[in-house]
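Colleague: Please pick one part of this model and go through it closely. I have not looked at it before, so take it step by step.

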Amino acid sequence: MTRTLGRSGIEVSALGMGTWSLSGPMRGGDDQNFGWGATDDAEAQRAIRLAVELGVTLFDTANVYGLGHSERLLGAALAGVRDQVVIATKWGGTFDEAAGVLLDDDGTPENVRPSLLGSLRRLGTDHVDLFQFHINGHPPTLAEDLVAVCEDLVAEGLIRAYGWSTDFPESAEVFAKGPHCAAVQHQFNVLSDNRPMLDLCERHDLASLNRGPLAMGLLSDRVTAQTTFAPDTVRGSAPEWLAWFADGRAVPEFLARRDSVRDILTSDGRTVAQGALGYIWARSGRTIPLPGCRTVAQVVESAGALRLGPLTGAQVEEIDRILAG
């Protein structure tokens, strides 16, 4: 299964690999935790390399993931196969690596190029395939100048295409006007629909990159009512925008919703996670889910969904009917 990154013509696997979850600790200036806890770098590199072997060609990261650590880890793991893969990273967030803390976002045009150059150094590459703006709620009226800078970077060969990681269609509309805009990254999964963004991607010939395709693990059997998360992790501290978790546990309502469609998701020998990915592929020919994978076992499970493919239209309709009830 393959997809095309919108109007860029860049072909990628229909499944990408997200790297936020393997990037280590991230702490905001207000002591809010945005990381996933301690990680094993050797296991993470094995997982990345195995993903390539299993047919995954799109890898998504950001400058702030692990305060630069994710980009370094990804660059090292992909060094021998750089010409075979597509690397997507993001800018807009800033950080103080020495202090180990995230700083305020910077959505100014002046920050675009320095951010890219920093990412290129950490990734060990001379270009980024997809460069994504990472401030979800940045005012659309201030975004046109960013498009102009990105077009300059394309002309210089430093990036091949660009996009915006945002859940707001009115924001994505601004970037969609740029000739080399190729994608929108937005939240989308069985539990969190986003029909307006799917329609926008269709209308503007853009790829739909899907973050949170497994609802941070909730759309799998790894998270149960008994699962607890440490307070120094994003799921354990659950910032305001994270609805699926509270007080270090999965919210019971979402667990119940997952379990109400379990039989459909696990059809034809799928796991819950594989069914959740199949649902996303069935919704649009432009979707590319980006499940986070911290371990070799998680890569094997996610990549196995490529063999099983999308759910049927009838299954999607039944899931939507059950969850609307």
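Modeller: For the angles given below, an axis is a line fitted to C-alpha atoms, for a helix over the stretch in contact, and the angle runs from 0 to 180 degrees between N-to-C directions. The model is predicted. The part I take is the sheet, with the helices and side chains around it.

The sheet is open and has eight strands, in the order S3-S4-S5-S8-S9-S10-S11-S14, with parallel pairing. Strand S3, residues 16-18, and strand S14, residues 287-289, are the edges; each has a single partner strand, so one side of each has no neighbour in the sheet. From one strand to the next, the twist averages 25°.

Take strands S8 and S9 within that order. S8 covers residues 128-133 and S9 covers residues 159-165; the two run parallel and are joined by five bridges. Gln-132 has Gly-163 in S9 as its bridge partner.

Two helices cross this region. Helix H4, residues 144-155, lies across S5, S8 and S9, at about 155° to S9. Helix H3, residues 112-123, also lies across S5 (86-91), S8 and S9, and its angle to S5 is about 135°.

The side chains of these strands bring in aromatic rings. Nine aromatic pairs are found in the whole structure. One of them is Trp-91 with Phe-133, a tilted pair with centres 5.1 Å apart and 35° between the planes. Trp-91 belongs to strand S5 and Phe-133 to strand S8, so far as the chain goes 42 residues apart, and the pair thus links distant parts of it. Buried means under 20% relative accessible area. Trp-91 has 0% and is therefore buried; Phe-133, also at 0%, counts as buried because of that value.

A further tilted pair is Trp-164 with Phe-175, at 5.0 Å centre to centre and 50° between the planes. This one joins strand S9, which holds Trp-164, to helix H5 (residues 169-176), which holds Phe-175; the two residues are 11 apart in the chain. Both Trp-164 and Phe-175 are buried. Through ring pairs, Trp-91, Phe-131, Phe-133, Tyr-162, Trp-164 and Phe-175 are linked into a cluster.

Phe-175 leads on to the nonpolar cores. The largest of these has 97 residues, and Phe-175 is among those with the most contacts inside it, along with Met-17, Phe-59 and Phe-245. Helix H10, residues 272-283, gives the largest share of this core, seven residues.

What does Phe-59 contact, leaving aside its neighbours within four places in sequence? Its partners are Met-17, Ile-48, Ala-51, Val-52, Leu-74, Leu-78, Val-85, Val-86, Ile-87 and Ala-88. Another core, of 14 residues, lies apart from the largest one and includes Ile-10, Val-86, Ala-88 and Ala-161. Val-86 and Ala-88 are thus listed in that other core, and they are also contacts of Phe-59.

One last point concerns the loop that leads into H10. Asp-268 sits between helix H9 (262-265) and H10. Its phi is near 55°, a positive value in a residue other than glycine. Most residues other than glycine have a negative phi. Asp-268 has 64% relative accessibility and therefore counts as exposed. Ala-238 likewise is not a glycine and has a positive phi, of about 40°; its place is the loop between helix H7 (234-237) and strand S12 (245-246).

Definitions and conventions
Residues numbered from 1 in each chain as written. Predicted model: local features only at pLDDT ≥ 70, side-chain atom pairs only at ≥ 80, totals over all residues. Heavy atoms only, no water. Pairing = 2+ DSSP bridges. Helix = DSSP H or I, 4+ residues; strand = E, 2+ residues; numbered from the N terminus. Contact = heavy atoms within 4.5 Å. Phe/Tyr/Trp six-rings, centres within 6.5 Å; stacked < 30°, edge-to-face > 60°. Buried < 20%, exposed > 50% of the residue type's maximum accessible area, 1.4 Å probe, protein only. Core = buried A, V, L, I, M, F, W, Y, C linked by side-chain atoms within 4.5 Å.
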